[in-house]
Amino acid sequence: MKKVIIVGAGLAGSYMAYAMGKKGYEVQVFEKRPDPRKSSYGSGRSINLVVSHRGWTALAYAGIEEEIRKIVVPAYGRQIHDLEGNESYFAYNIDNKAIHSISRGEFNKTLVELAEALPNVTITFDAFCEHVDFNTGTVHMKQGEQLNAYSADLIVGADGTGSSVRGALMKQPRFNYSQEFIDSGYKEVHIPAGSNGEPQLNIDALHIWPRREFMLMGLANTDNGFTGTVFAPFDGEYGLDHLKTGADGMRYFEKYFKDAIPLIPNLEEQWESNPTSALACIRCEPYHWGTNTMLIGDAAHATVPFYGEGMNGSLEDVRVFLELLDEHGDSNMKKVLEIYTEQRVPAGNALVDLSLRNFIEMRDLVADPSFQLRKKIERKVQANHPDKWTPLYTLVKFTNIPYHEAKAEGERHDRIMEEILAMEGVEEHWDSDEVEQEVLRLFESVR
């Protein structure tokens with residue numbers, strides 16, 4: 001294998017272009033959108049991203065970890081804002097490890113710059129994928145009024161939720177695909193830095209205003225501002241479909257997020273001008289076709305953003321593929337792609353499930369006394385027995401354990417903690433040795 005065509009220059013595509021370019025392959029990337037360094041696309045649709053351990057592992061594999069650390073902001077826990085404006089802080093883990101907020105646009109521009117700086121990588125923008133011929137390994141790209149054909153040893157679909165490469169695969173026999181929109185969407189608002197340039201919120205935390213069926217979330221930017229995102233149903237009295245004007249948005253905030261209003265000086269203007277967007281989950285199988293085509297990232301497993309793992313899972317796709325390539329060699333591409341699908345399909349499906357699960361946790365549970373009690377018990381057990389108890393969030397965000405294995409362990413923890421929280425008097429004696437020993441006993445018996 002000498003030449004690679006990557007359709008899509010988003011985060012996964014540009015990262016893969018750089019990583020494969022560093023290995024010496026000739027890489028040609030096509031992106032349907034304009035060059036992100038020259039235009040600002042997707043205004044109001046960024047949803048700040050979070051780099052977790054999986055993302056850092058992938059970036060370290062490609063040798064660009066330190067470059068990306070220059071443009072992130074660490075968050076060490078969740079800052080919960082209740083309806084009365086009271087705040088509570090909950091650390092993500094007992095080791096004070098952080099996840100890292102990053103601007104999607106800034107990250108994408110950096111990866112494009114890194115990839116395009118390599119002499120064997122070219123990126124063409126404003127190029128639409130019209131057709132993929134899997135027999136000949138050829139993609140047909142619409143560039144202006146011209147339709148051009150390009151051939152490669154490997155074609156990579158990194159073109160996101162509406163993937164043209166996946167669309168071509170869907171015409172093949174025995175290729176499975178499903179798409180599901182959730183009943184909630186999102187709208188963004190920008191929380192700027194204060195007049196003195198300082199952050200208006202605790203910059204070391206991810207901020208959540210949980211309101212059961214909906215929530216406001218804030219993630220920090222490097223300029224000390226925050227990207228705020230309202231996630232809410234489309235329907236109902238305060239559904240996003242019924243909040244069209246700036247005045248509607250202001251009434252919504254006055255009722256549910258009153259303490260956030262002073263943080264957003266032009267709330268009404270932003271609410272009216274920023275789009276309301278939908279959220280979908282996509283699953284498919286396999287993630288490859290023959291010996292010359294594969295899918296990565298959202299093209300394979302688009303998910304909702306509530307675990308902040310979509311981008312990390314996409315980078316992990318690429319790292320896993322490249323490590324398989326290192327192990328088996330590009331002369332055995334059939335085996336590499338088969339193992340890639342075998343490993344990543346269950347991981348991708350679990351990522352979707354975990355993301356949906358965390359939406360419920362963030363909007364409904366973080367302010368629930370029973371949930372907070374569970375977290376206190378888990379932290380105590382983990383502190384005393386780190387070799388046995390590792391919470392699901394830690395498995396997902398701070399390890400490289402496959403998503404499906406982390407999900408299975410999290411479900412086992414659910415069964416254990418359901419029994420613990422049903423114990424008489426556990427609220428008053430949650431930190432007792434008896435409760436801890438019962439957790440450990442169940443840990444050995446519950447499967």
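In the predicted model, R54 is buried, with a relative accessible area of 0%, and its side chain forms a salt bridge with E309, the closest N and O atoms being 3.7 Å apart. The partner E309 is likewise assigned as buried, at a relative accessible area of 1%. Because R54 belongs to helix 2 (residues 53-62) while E309 falls in the loop between helix 8 (298-301) and helix 9 (310-328), the pair ties together parts that are 255 residues apart in sequence. Both residues also belong to a network of salt bridges in which R54, E309, E316, D317, R319, E323, R344 and K397 are linked.

Across the whole structure, 27 salt bridges are found. One of them joins D353 and R283, with an N to O distance of 2.8 Å; this pair links distant parts of the chain, D353 lying in helix 10 (residues 333-365) and R283 in strand 17 (residues 277-285), 70 residues apart. D353 counts as partly exposed at 26% relative accessibility, and R283 is partly exposed with a relative accessible area of 25%. A further salt bridge is formed by the side chains of E444 and K388 (3.5 Å, N to O), which connects helix 14 (residues 433-445), where E444 is located, to the loop between helix 11 (369-384) and helix 12 (392-397), where K388 is located, across 56 residues. Here too the partners are partly exposed, with relative accessibilities of 45% for E444 and 32% for K388.

R211, in the loop between strand 14 (205-210) and strand 15 (215-220), is buried yet has no salt bridge. The nearest side chain of opposite charge, that of D259, is 4.8 Å away, whereas a salt bridge requires the nitrogen and the carboxyl oxygen to be within 4 Å. The side chain of R211 instead reaches backbone oxygens: that of H81 at 2.8 Å, and that of D82, which lies 3.1 Å from a polar atom of the R211 side chain.

The search for aromatic pairs returns 19 in the whole structure. In one of these, F214 and Y256 are arranged edge-to-face, at 4.8 Å centre to centre and with 75 degrees between the planes; F214 is in the loop between strand 14 and strand 15 and Y256 in helix 6 (residues 246-256), so that the contact links parts of the chain 42 residues apart. The rings of F214 and F257 have their centres 6.1 Å apart and their planes at 90 degrees, and this pair is therefore also edge-to-face. F257 lies in the loop between helix 6 and helix 7 (267-273), 43 residues from F214. F214 is buried at a relative accessible area of 11%, as is F257 at 0%, and Y256 is buried as well. F214, Y252, F253, Y256, F257 and W271 form one aromatic cluster. Within contact of this cluster member, the charged end of K187 sits over the ring of W271, 5.2 Å from its centre. In another cation-ring arrangement, R69 lies over the face of W56, at 3.8 Å from the ring centre.

Zero disulfides are found in the whole structure. For C129, the nearest cysteine sulfur, that of C284, is 15 Å away; C129 counts as buried, at 14% relative accessibility. The sulfur of C284 is in turn 13 Å from the closest cysteine sulfur, in C281, which is too far for a bond, and C284 is buried at 5% relative accessibility.

Key
Residues are numbered from 1 along each chain as its sequence is written. This is a predicted model: local features need pLDDT of at least 70, side-chain atom pairs count only at pLDDT 80 or more; totals for chains, interfaces and linings use all residues. Side-chain values use heavy atoms; hydrogens and water are left out. A disulfide is a pair of cysteine sulfur atoms within 2.5 Å. Buried means under 20% relative accessible area, exposed over 50%, partly exposed in between (1.4 Å probe, protein chains only). Helices (H or I, at least four residues) and strands (E, at least two) are DSSP runs, numbered from the N terminus. Lys and Arg count as positive and Asp and Glu as negative; His and the chain ends are not counted. A polar contact is a pair of N or O atoms within 3.5 Å; within protein, one must be able to donate a hydrogen and the other to accept it, and residues adjacent in sequence count only if both atoms are side-chain atoms. Rings of Phe, Tyr and Trp (its six-membered ring) pair if their centres lie within 6.5 Å; planes under 30 degrees apart count as stacked, over 60 as edge-to-face and the rest as tilted. A charge sits over a ring if NZ of Lys or CZ of Arg is within 6 Å of the ring centre and within 35 degrees of the ring normal.
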